[in-house]
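Here is a report on selected local features of a two-chain structure. Please keep the sequence and the coordinates at hand while reading.

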Amino acid sequence: MTSITETDPPLQTTRARDKREALYPYLLIAPSMITLVVVALIPFLYAIYLSFHEARFGRVTEFAGFANYASLLADERFWNSVSVAATFVFIAVPIEFMLGLAGALILGQNVKGRSILIPLLFMPAMMAPVVVGLLWKIMLAGSWGFISYNVFERFGMFPDTSIFASPDYALYALIFVDIWQWTPFMMLAFFAGLQALPVAPFRAAAIDGAGPLRIFFRLTLPMMTPLLAVIGLLRFIDAFKVFDTMYILTNGGPGTSTETPSILANKMTFEFWNIGEASALAVIVWIAFFIFCNIFYQVAKKRLNAF
Amino acid sequence: MQTSDSSSRSTLFWTGITVLYAVVVLFPIFWMGTMMFKPNETMFARPTEWFFTPTLDHFAYVIEAGFHWNLFTSFLLCTLSTGLIVLIGTPAAYAFARFEMKAKDDLFLFILASRMAPPVCLVIPFYLIYSQIGLLDSFLGLTLAYMTFNLSFYIWVLRSFCRDLPVELEEAAALEGWSRLQILRRVVFPLLRNGIVATAVLCFIFAWNEFLFAFMLGGRTVETLPVSIPKLITAQGVRWGEMAVVGMISLVPVLAVVFVLQRHIVRGLTMGAVKG
């Protein structure tokens with residue numbers, strides 16, 4: 001809809017107008033893009049700058065080359081945080097994915113009262129992560145939390161302490177909280193995808209007398225694959241950057257047993273005040289995220305035709 | 001008769017399972033809700049006490065400690081940042097949906113990346129820059145910081161709403177000789193109103209829930225509701241009842257939003273990839 005004009009003006013003005021027309025979209029995006037450059041690109045570039053300098057206690061001193069990166073990559077604590085995050089993501093996300101898909105299929109049956117159930121099931125995903133942390137502190141903390149007392153104590157688990165204080169199980173408690181928070185959302189997202197599938201192939205299959213399992217594996221699953229991939233990838237990216245809930249519940253402890261790169265970067269900055277190395281960590285995480293984003297974008301664009 | 005009987009039985013079965021799941025999922029929220037009214041001595045009584053004489057002490061303390069100011073701060077900050085985002089983000093979303101541009105794909109990826117970037121990575125440079133230019137603990141500082149994730153989110157999702165609009169209306173208006181501004185104001189924005197409201201409300205909620213930026217870049221002047229919650233862990237012990245009150249208050253807008261926006265939440269949280 002770029003060049004629809006009323007009459008035929010002289011050539012000169014047409015050219016001037018064409019030029020203006022061509023500028024129009026850039027004019028529309030300019031305020032936003034300038035803002036984003038200021039609030040996203042400049043901090044990023046500044047983080048890169050910091051990562052190549054010796055910077056402690058808020059004072060940037062001398063150029064350090066790759067020293068920050070070298071000491072970070074030699075730090076066992078960094079590799080521990082990577083493996084903690086990997087454990088967290090690779091256990092939580094597949095479980096959320098499977099349960100969410102099962103839930104979506106259940107919700108797709110004759111369920112009454114969806115108009116009330118669906119909004120309520122959105123609650124965990126939409127609420128503040130700090131409140132999620134608070135909720136599970138109440139449920140699981142100490143030996144007096146609701147579940148600690150009514151379930152764990154009854155079975156003689158974690159006597160006199162909280163599951164969050166147990167080096168072996170704290171991470172699994174965090175994984176459980178993440179599953180609690182995100183499974184309902186996965187279920188509703190998959191359900192929305194199911195509802196959007198065309199009806200005709202399913203009718204045809206039913207007429208041909210295909211069983212429900214056959215319909216699921218031959219029709220539903222293949223048709224849903226791009227959508228499943230996109231939602232799964234997005235959840236994967238989000239799970240890597242979980243911070244608030246962990247900060248409230250364990251803050252990386254006990255020891256370093258639940259310390260993810262996010263928690264470690266935060267500690268490096270605001271507890272050890274080693275800003276150079278923290279920035280190096282931030283840059284590495286950032287690059288990893290950029291790669292994930294790119295994959296997400298390509299998959300969503302090509303397979304789902306979404307963007 | 002037989003089929004309708006079996007179908008009503010299957011309705012009962014599947015509804016029962018779904019309701020059971022919803023009850024299990026929502027139970028912690030319900031439990032925190034009851035703690036708002038629980039006297040301290042029954043809060044963590046062993047064995048668990050299900051029935052208790054309700055008290056309003058926790059509410060009294062929350063008001064006395066000035067938490068309504070935190071509520072006000074949160075509200076002001078979220079409204080401010082969301083308003084600004086709608087103002088500058090709407091034309092951008094429209095432009096991205098309608099026009100061909102040079103390096104559009106790269107611009108997109110940049111927008112997406114600034115949305116997805118882990119907040120911890122951003123907060124470090126933000127903190128240092130702000131401490132040098134004196135933007136720590138200011139509304140302007142936090143409004144700007146919230147733009148990193150919310151402006152990019154807004155553009156991205158609103159763009160998917162723009163793409164749903166039929167282009168023919170704009171073409172007809174152009175044929176009528178309307179100017180571009182008129183087309184935007186009289187055709188595009190009215191048609192886009194639902195999308196704008198839905199996306200803006202989601203932005204508001206993200207800002208409302210935000211913790212890390214508010215915690216690190218805020219302070220005594222700008223202290224939002226989520227940041228005020230950990231304050232209730234005092235030297236005299238944890239004020240659970242008060243925490244429950246503040247937590248439940250912060251859930252009120254969320255509760256309103258899930259009921260009003262339910263169709264758009266999936267679309268929002270999947271960056272427009274899934275149309276709910």
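The text below takes up helix geometry, helix packing, burial and backbone angles in turn. The model is predicted.

**Bent helices**

Start with α9 of chain A, which covers residues 212–240. How far apart are its end C-alpha atoms? The distance is only 36 Å for 29 residues. A straight helix would reach 42 Å at 1.5 Å a residue, so to speak of a shortfall is fair by the expected span. A kink of about 55 degrees lies in α9(A) at A:Thr225. The proline A:Pro226 follows shortly after that kink.

Helix α4 of chain B takes in residues 67–98. Its 32 residues reach 46 Å from the first C-alpha to the last, close to the expected 46 Å at 1.5 Å a residue. Yet α4(B) has a kink too, of about 40 degrees, at B:Gly89. Here the proline is B:Pro91, shortly after the kink.

**A helix pair in chain B**

Two packed helices are described by the angle between their axes and the distance between the axes. In chain B, α3 (residues 57–64) packs against α12 (residues 240–260). The angle is about 75 degrees, and the axes are 9 Å apart. Angles of 65 to 115 degrees count as roughly perpendicular, so α3(B) is roughly perpendicular to α12(B).

Which residues of α3(B) meet α12(B)? They are B:His58, B:Phe59, B:Tyr61 and B:Val62. Across from them, α12(B) brings B:Gly241, B:Glu242, B:Val245 and B:Val246. By class, this contact has five nonpolar, two polar and one charged residues.

**Burial**

Helix α11 of chain A, residues 261–270, is mostly covered. Of its 10 residues, 10 are buried. Among them are A:Pro261, A:Ile263, A:Lys267 and A:Phe270.

Next come single residues. B:Thr143 sits in helix α7 of chain B. Is B:Thr143 buried or exposed? Its relative accessible area is 5%, under the 20% cut-off, so B:Thr143 is buried. Leaving aside neighbours within four places in sequence, B:Thr143 is in contact with B:Leu77, B:Leu80, B:Ser81 and B:Leu84.

B:Thr11 belongs to helix α1 of chain B, residues 2–35. B:Thr11 counts as buried because its relative accessibility is 13%. Not counting residues up to four places away in sequence, B:Thr11 touches A:Asn110 and A:Lys112.

A:Val38 is part of helix α1 of chain A, residues 11–51. With 44% relative accessibility, A:Val38 counts as partly exposed. Its C-alpha atom and that of A:Ala196 are separated by 39 Å. These two residues are 158 residues apart along the chain.

**Positive phi**

Most residues other than glycine have a negative phi. A:Asn251 has a positive value, and so has B:Asp137, although B:Asp137 is not a glycine. A:Asn251 is found in the chain A loop between α10 (244–249) and α11. B:Asp137 lies in the chain B loop between α6 (119–133) and α7 (139–164). The table sets out their values.

| Residue | Phi | Relative accessible area | Class |
|---|---|---|---|
| A:Asn251 | near 50 degrees | 23% | partly exposed |
| B:Asp137 | about 60 degrees | 21% | partly exposed |

Terms used. Residues numbered from 1 in each chain as written. Chains lettered and ligands numbered in written order. Predicted model: local features only at pLDDT ≥ 70, side-chain atom pairs only at ≥ 80, totals over all residues. Heavy atoms only, no water. Axes fitted to C-alpha atoms, helices over the stretch in contact; angles between N-to-C directions. Helix = DSSP H or I, 4+ residues; strand = E, 2+ residues; numbered from the N terminus. Parallel < 35°, antiparallel > 145°, perpendicular 65-115°, else oblique. Contact = heavy atoms within 4.5 Å. Nonpolar A, V, L, I, M, F, W, Y, C, P; charged D, E, K, R; others polar. Buried < 20%, exposed > 50% of the residue type's maximum accessible area, 1.4 Å probe, protein only. Bend = angle between axes of the 7 residues up to and from the residue.
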